[in-house]
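Trainee: I would be grateful for a close look at the enclosed empty space in this protein. Please describe what surrounds it.

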Amino acid sequence: MSFKVEIKNIGKLTDAELRMGRFTVFAGPNNTGKSFVSKLLYSLFESMNENYAETYINKLLQPVRDNLIKLMQRELPDDKESKLLLLLNEIKELESLARKADNFERLNEVCLSLRNRTENMRQTGIEVSPTSSEIFWKEYQDFHDSLNMMQETLDEFKTTPDQALGKAIVRSGMRNKIRQNLIQNFQVPSLSDLSRDENVSSKVDVENIGSFEFSNGETRFDTDVSGIKQLQQYSNVIYLESPVYWKLKNALEDLNPSLEFFGRRGRARLTGVPGYFYDLARALKFQYTGDMAFPDVYERLTGSNVIGGKLAISETGDLSFHENGLSFSLPVTAMGIANLGILALLIERKVLDEGSFLFIDEPEAHLHPAWQVFMAETLFELSRQGVSVVIATHSADILKWLEVHVKKNPDDEQLVALNRFSANGCAVDEDFETRIAEIKQELTKPFSDLYLEGL
């Protein structure tokens, strides 16, 4: 699958068009926006890779259900208890409907039921006087407040035609999650910090999928049914960065803020640790079912000719490197081994499989040239086997490998989307050979200058 992405007034990009393919490369010198764009696109794609109908509805219902269960744990007269039981059954029925909302027709039905029944639930609520016990009165108020909050949220959709209600909820869920992802992945207080010019609207437009726009504190997200179906095809969206985070994993997890999906009460804390680290840490905690998707790639990564061992994760989430019957904690393991080992661990635990979208920032980090080439070969093979791979790199070795590989295998050029980043923005208009030659020239210029100076 190939498509284009337009970015306006975000980060270093005033108005840029990117090409995305099975093996996408953002290449160029430091401080030209490569990593920024990778994080930006990960924030969008990961946000879009959820069933927002069910998530949205469950998030609305959860506070009501939890507060209702608290009330039911009290000793109540039979008439009040029976009313609470009726309300709980209403919620369970709505949750059951939400799980079946796998198309917009059914979603509209669920949303209409939700909108209509919430008011009935408030009217059916039990009568409680302020003279009741203080604890019971507070729990009743919590229940009533959660019902009101749920109704207020649904009131935002009252002007939406019934036929479009499901789409409106999906768009709302995506808009809020994208906003949350951007703030947490970039660790910025507000989206305006990502704008190049605060007085101009900032926008990302993903061809055939949707567009996200923000300005003056307002956010907008728009997509259509076909776009939603397309972005739901990814089994996982993954972002890999420096293994330094993994060496400090236990300490960083202690800083992990508890995030609210819709953030209606209070603001999320910024810890300095990007959200994508926690996303991946959560994913690695689980062993997924099914067969390992890329056993050949896994064997190459862990074989004696490369790292000669493997990373393992304990039940408590601790990472260690196993080699020749010995075990070493990750903090005392070489960075290069950690870099390749995390990739192997993703394959072993079936987090990375066919249909995944993998973003990897500076895959060359901590690797000597031979291992940089091996990393490039591995990532390209993953893309050939069904993973959409995006790398941001300034490695002349990786670019040279890509150039040689395409010359030897001309048909593979169709898998590659090469984007040249420079101080002047991003260029994709030149042919492949021109682009890669210009990127290499810019990357190797400091070495060439030093070489000539030394003659």
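Mentor: In this predicted model, the largest cavity is lined by L240, E241, S242, P243, W246, A338, N339, I342, I360, D361, E362 and A365. Its volume is about 80 Å³. Two elements, α12 (335–348) and β11 (357–361), each contribute at least two residues to this lining, and α12 provides the largest share, with three residues. By class, the lining of the largest cavity comprises seven nonpolar, two polar and three charged residues.

The count of cavities of 30 Å³ or more comes to two. The second largest has a volume of about 50 Å³, and its lining consists of Y239, L240, E241, S242, Y245, W246, Y276, F277 and L280. Here β7 (237–240), α8 (244–247) and α10 each supply at least two residues, with α10 giving the most, namely three. The lining of this second cavity divides into seven nonpolar, one polar and one charged residues. L240, E241, S242 and W246 appear in the linings of both cavities.

Helix α10 spans residues 275–284 and also holds A283. A283 counts as buried because its relative accessibility is 14%, below the 20% cut-off. Leaving aside residues up to four places away in sequence, A283 touches Y288 and V351. Its C-alpha lies 9.3 Å from that of N236, although the two residues are 47 apart in sequence.

As for the setting, the protein has 455 residues, of which 51% count as buried. Its secondary structure comes to 15 helices and 14 strands. Among contacts with a separation of 6 or more, 72% are between residues 24 or more positions apart.

Definitions and conventions
Residues are numbered from 1 along each chain as its sequence is written. This is a predicted model: local features need pLDDT of at least 70, side-chain atom pairs count only at pLDDT 80 or more; totals for chains, interfaces and linings use all residues. Side-chain values use heavy atoms; hydrogens and water are left out. Helices (H or I, at least four residues) and strands (E, at least two) are DSSP runs, numbered from the N terminus. Buried means under 20% relative accessible area, exposed over 50%, partly exposed in between (1.4 Å probe, protein chains only). Contact means heavy atoms within 4.5 Å. On a 1 Å grid over the protein atoms alone, a cavity is a set of points where a 1.4 Å probe fits but cannot get out, and a pocket is an open set with protein on both sides within 12 Å along at least five of seven lines; lining residues have an atom within 4 Å of a point. Grid points are joined across faces, edges and corners, and a volume is the space filled by probe spheres set on the points. Ala, Val, Leu, Ile, Met, Phe, Trp, Tyr, Cys and Pro count as nonpolar, Asp, Glu, Lys and Arg as charged, and the others, Gly among them, as polar.
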